[in-house]
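Thanks, everyone; I would like to walk through one model this morning, and I will put it on the screen before saying anything about it.

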Amino acid sequence: MTTRPNESSDGTWVVVPAFNEAQAIASVLADLRRTGYQIVVVDDGSADATAELSMRAGATVVRHPVNLGQGAALQTGIAFALLQDADFIVTFDADGQHRADEITTLLSALVVQRADFALGSRFRGRAANMPNSRRLLLQAAIWFTRATTGLAITDAHNGLRAMTRRGARTISLRQNRMAHASEILDQIAASELKYVEVPITIEYSPYSLGKGQRSSAAVDILVDLYARALHQ
Amino acid sequence: MIAKLILTFLLAGVVLYAWHEQGRSPLVAKLSLIAATAGIYFVWVPSHASDFAAWAGVGRGVDLIIYIWVVISLLVMLNLHLKLRVQLELITSLARQSAIANARPRKTRPRQPATSRSPHRIAAIPASSRTDNASPNNKPPSTGVSTKASATNG
């Protein structure tokens, strides 16, 4: 049984980065609203009605004037939540592949295990309908992340994570695109704060697979990660 | 002689450019500096260029100089790419500040100020999170914005 760390929920903000998610955002936010936590949708310059639907669904909307990438959207959401005095910040994908009820599990892990980061792991939990190509790509990413960060993680590029205010203040994402998922793990390792992995469920759908990363994105991520190291 | 002077002038320009870029892109600057200096040397001592070219297996010395020029061009292109990335970071920072300043809050009851939150909720926060200043790992806020957002949740 999990304990809910924050009955009033005022201090927990769920950050949902979204780009052209009009098809899924309403149902995702409806599920999130049931948790009672504060929600901020970072609309990353969508051309569709993502922002309007999010407002209508009861979320606070922070809108990038241009499309910058998921990493940039996450950092904006984290910055916004910190400015609202958030005590806990949760990152949550907008494509419907995460389960809102598992947020409480992540937050409980932070409190019970006195950690600053709770990272969702689909490989400790369940990954429904995951294609084999995605599984292979993720295994390569996990191996790479373990080798470069020293973190003994079982999942990488998982968008469901929770952090304390102190943890969030050590995160400063400069990778605008998908390399942010590796960058955040680098920064967690560098912070030397405690992290825990929490089993979660990811349910792949044709929609989420269509919105997700292509295999070729792995090359872009490597270029982004190492190009960043070439300049001050 | 005219060709030598033109090449020297151009390569000297690369040397200056590389020197200027040392602070921002150290690796690219060093490689450009080495390549341009070697180019100037080989322009004025072509026999060494030919010897080195023969040793490296690229044929004539003039071929070697052309290859060096190609390498320099690629390095300058890489540097331009890196500069574009820096510009993108600035744009991102600007967009973030604008986005947060223009946040559209949901319509709900006014939120309690942080100081009047319920004690049991604060108690639920790990002690480590309540002692930010005491932590050796404490760092300044990494929000990317320097001012409080004008919009609040309520």
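Right after helix α4 of chain A comes A:Arg114, whose phi is positive, near 50°; helices here are DSSP runs of H or I with at least four residues, and strands are runs of E with at least two, numbered from the N terminus. This is a predicted model, in which local features need pLDDT of at least 70 and side-chain atom pairs count only at pLDDT 80 or more, while totals for chains, interfaces and linings use all residues. Residues are numbered from 1 along each chain as its sequence is written, and chains are lettered from A and ligands numbered from 1 in the order in which they are written.

Staying with α4(A), residues 102-112, eight of its 11 residues are buried, so the helix is largely enclosed by the rest of the structure; buried means that 20 or more other C-beta atoms, placed from the backbone, lie within 10 Å of the residue's own. Among the buried ones are A:Ile103, A:Leu107 and A:Val111, and their cover includes β1, α1 and β4 of chain A.

Now to the core. The largest nonpolar core, a set of buried Ala, Val, Leu, Ile, Met, Phe, Trp, Tyr and Cys residues joined through C-beta atoms within 7 Å, has 73 residues, and helix α3 of chain A gives the most to it, with eight. Leaving aside neighbours within four places in sequence, A:Val40 is in contact (C-beta atoms within 7 Å) with residues including A:Trp13, A:Ala59 and A:Phe80.

Chain B, finally, has six helices and zero strands, and buried residues make up 25% of its 154 residues.

Key: Buried ≥ 20, exposed ≤ 12 C-beta atoms within 10 Å, placed from the backbone. Contact = placed C-beta atoms within 7 Å.
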